[in-house]
Amino acid sequence: MSKRASSRAAELEKIRLFLIYLKNRIKFAADNFSDISAHFAKEKSDTLPFFLNKKADGKDELSQSVIISNIENTGVFSSLKDTDLSCISAFFREIGSGDTEHSISLCSLYEAMISERLAEARDFAARYSGIYKMMGFLCGLAITIIIY
C-alpha cells in the first residue's frame, strides 16, 4: 500500500509537470495540442506520464483518442485512483476544443486539481509509510519468537 501511494504521488507529479509544460508551450510557442502530441509521440521516457508512452498499434502518432484510450485502459495496473484517471481523461477530452486562452485556462485549472491530489497523495504516503514498516518489523519479530 505504501509503495502504491508513493507511486501515485510520483505519477501525479509527472502529470502536473506535463500540464505546466503543455500550458507554457501553448502560451509562449503558440503550439496547438496536435503539434505538442506529435513531439511526444517521437520520444519515450520514464519522466513522461504513463499515457504518453504508448502509441496506437503500428502507428507513430499520439492523438487525443489514443491518449484517452491509454488512460481508460490502465485499470488495476495504475497506481492512480479512478477519480485521478477520470480527471485526466476529462482534461484530454476538453483540450483543443476552444481557442488558445481556453486551452491555457484549462491547463491551469487541471494543474491546480492535480496539485491538490498530489498533496493528498504525498500526505497519505508520508503518514502511512511508517505504519507499514512497523507492521513488517513486528510480524517478523512475532515469527521469530514463534519459531524459537
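Buried residues account for 36% of the 148 residues in the protein chain. Please keep in mind as you look around that this is a predicted model.

**The overall build**

The protein chain holds five helices and zero strands. Read from the N terminus on, its elements follow the order α-α-α-α-α. Take the contacts in the protein chain between residues at least 6 apart in sequence: 62% of these join residues at least 24 apart. On the outside, the protein chain exposes about 9,000 Å², and carbon and sulfur atoms supply 58% of that area.

**The cavity**

Let us turn to the inside. Rolling a probe the size of a water molecule over the atoms shows where empty space is left. How many cavities of 30 Å³ or more does a search of the whole structure find? The search finds one. About 40 Å³ of space lies in this largest cavity. Three elements give two or more residues each to the lining of the largest cavity: α1 (2–28), α4 (82–94) and α5 (100–147).

Which element supplies the largest share of that lining? It is α4, with four residues. The full set of residues lining the largest cavity is I15, L19, F51, C87, I88, F91, F92, Y110 and I114. By character, the lining of the largest cavity has nine nonpolar residues, no polar ones and no charged ones.

**Aromatic rings**

A pair of aromatic rings is described by the distance of the centres and the angle of the planes. Across the whole structure, a search finds three aromatic pairs. One of them joins F91 and F92 in an edge-to-face arrangement, with 5.0 Å from centre to centre and 80° between the planes. Ring pairs also link F18, F91, F92 and Y110 into a cluster. From this cluster, F91, F92 and Y110 are also among the residues that line the largest cavity.

Are F91 and F92 buried or exposed? F91 counts as buried because its relative accessibility is 2%, under the 20% cut-off. F92 is likewise buried, at 1% relative accessibility.

F18, the cluster member in helix α1, is buried too, with a relative accessible area of 5%. In sequence, F18 and P49 are 31 residues apart, while in space their C-alpha atoms are 7.5 Å apart.

**Buried residues side by side**

Here are the accessibility values for five residues that are good to inspect on screen.

| Residue | Relative accessible area | Class |
|---|---|---|
| F92 | 1% | buried |
| F91 | 2% | buried |
| F18 | 5% | buried |
| S103 | 6% | buried |
| E13 | 18% | buried |

**Two further residues, S103 and E13**

S103 is found in helix α5. With a relative accessible area of 6%, S103 falls under the 20% cut-off and therefore counts as buried. Which residues does S103 touch, once those up to four places away in sequence are set aside? They are I26, I95, G96 and G98. S103 can also be compared with L22: the two are 81 residues apart in sequence, and 9.3 Å apart in space from C-alpha to C-alpha.

E13 lies in helix α1. Why does E13 count as buried? Its relative accessibility is 18%, and buried means under 20%, so E13 falls in the buried class. Leaving aside neighbours within four places in sequence, E13 is in contact with L118 and R122.

**Pulling it together**

A good place to begin on screen is the largest cavity, where α4 gives four residues to the lining and the lining residues are nine nonpolar, no polar and no charged. From there, the ring cluster of F18, F91, F92 and Y110 is a natural next stop.

Notes
Residues numbered from 1 in each chain as written. Predicted model: local features only at pLDDT ≥ 70, side-chain atom pairs only at ≥ 80, totals over all residues. Heavy atoms only, no water. 1 Å grid on protein atoms, 1.4 Å probe; cavity = no way out; pocket = protein on both sides within 12 Å on 5 of 7 lines; lining within 4 Å. Points joined across faces, edges and corners; volume = space filled by probe spheres on them. Nonpolar A, V, L, I, M, F, W, Y, C, P; charged D, E, K, R; others polar. Phe/Tyr/Trp six-rings, centres within 6.5 Å; stacked < 30°, edge-to-face > 60°. Buried < 20%, exposed > 50% of the residue type's maximum accessible area, 1.4 Å probe, protein only. Contact = heavy atoms within 4.5 Å. Areas by Shrake-Rupley, 256 points an atom, 1.4 Å probe, with all protein chains shown as cover.
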